[in-house]
Amino acid sequence: MTTPGRNEPQTLADAHAVASARRPQPGSNLATWLKFHKENARMYRAVSDVDRGHHHELRYWVGYEERKAEEVAAQIQEGKSKAS
């Protein structure tokens, strides 16, 4: 089990607050968005081991953030292919 540190979120509500606070500005580059979604997936995964009452909902958010990261990674790859 991965336990978040003392300064890391311990509940679903805490995790949502952290994700909202670090959300990139609209128009940020794709690399910034990719990093944001990957970090959120890791955060929600860690919190799912601690906040057992919201485990399934947190696992949903892990999947959501992983899907978003995959979409952004595909956009980055598409941009590289067009530039070649």
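How does Tyr 60 count, buried, partly exposed or exposed? Select Tyr 60 and find out: with a relative accessible area of 44%, Tyr 60 is partly exposed, where buried means under 20% relative accessible area, exposed over 50%, and partly exposed in between, using a 1.4 Å probe and protein chains only.

**Before you click further**

This is a predicted model, in which local features need pLDDT of at least 70, side-chain atom pairs count only at pLDDT 80 or more, and totals for chains, interfaces and linings use all residues. Residues are numbered from 1 along each chain as its sequence is written, and side-chain values use heavy atoms, with hydrogens and water left out.

**The whole chain**

Zoom out and switch to a cartoon view. The protein chain has three helices and zero strands, and along the sequence its pattern reads α-α-α. Helices here are DSSP runs of H or I with at least four residues, strands are E runs of at least two, and both are numbered from the N terminus. Along its principal axes, the C-alpha trace spans about 45 × 20 × 20 Å. Colour by accessibility next: 30% of the 84 residues count as buried. For a contact map, take the contacts (heavy atoms within 4.5 Å) between residues at least 6 apart in sequence; 62% of them join residues at least 24 apart.

**Along helix H3**

Go back to Tyr 60, which is found in helix H3. Add Glu 71 to the selection: eleven residues separate the two along the chain, and their C-alpha atoms are 17 Å apart.

Now pick Glu 78 and Lys 82, both in helix H3 and four residues apart, about one turn of the helix. Their side chains form a salt bridge at 3.3 Å, N to O. A salt bridge here is a side-chain nitrogen of Lys or Arg within 4 Å of a carboxyl oxygen of Asp or Glu. Glu 78 counts as partly exposed because its relative accessibility is 46%, while Lys 82, at 65%, counts as exposed. The structure holds four salt bridges, and the next stops include two others.

**Helix H2 and a link to H3**

Select Lys 35 and Glu 39. Both lie in helix H2, four residues apart, about one turn of the helix. In their salt bridge, the closest N and O atoms are 3.9 Å apart. Lys 35 is exposed at 52% relative accessibility, whereas Glu 39 is partly exposed at 25%.

Then bring up Arg 45 and Glu 66, whose side chains meet in a salt bridge of 2.2 Å, N to O. This pair links distant parts of the chain, with Arg 45 in helix H2 and Glu 66 in helix H3, 21 residues apart. Arg 45 is partly exposed at 29% relative accessibility, and Glu 66 is also partly exposed, at 32%.

**A buried asparagine**

Stay in helix H2 and select Asn 40. Its relative accessible area is 0%, so Asn 40 counts as buried. Show the side chain of Arg 22 as well: a polar contact of 2.8 Å joins it to the side chain of Asn 40. A polar contact is a pair of N or O atoms within 3.5 Å; within protein, one must be able to donate a hydrogen and the other to accept it, and residues adjacent in sequence count only if both atoms are side-chain atoms. Leaving aside neighbours within four places in sequence, Asn 40 is in contact with Ala 19, Arg 22 and Glu 65.

**Over to helix H1**

Pick Asp 14, in helix H1. Asp 14 counts as partly exposed because its relative accessibility is 35%. Its side chain reaches the backbone nitrogen of Gln 10 at 3.4 Å. For a distance check, add Asn 29: C-alpha to C-alpha, Asp 14 and Asn 29 are 26 Å apart in space, and 15 residues apart in sequence.

**Last stop: the largest pocket**

Which residues are closest to the centre of the largest pocket? Select Arg 23, Trp 33, Phe 36, His 37 and Tyr 64, from a lining of 17 residues. A pocket is an open set of points on a 1 Å grid over the protein atoms alone where a 1.4 Å probe fits, with protein on both sides within 12 Å along at least five of seven lines; lining residues have an atom within 4 Å of a point. Helices H1 (12-21), H2 (30-48) and H3 (55-83) each give two or more residues to the lining, and H3 gives the largest share, seven residues.
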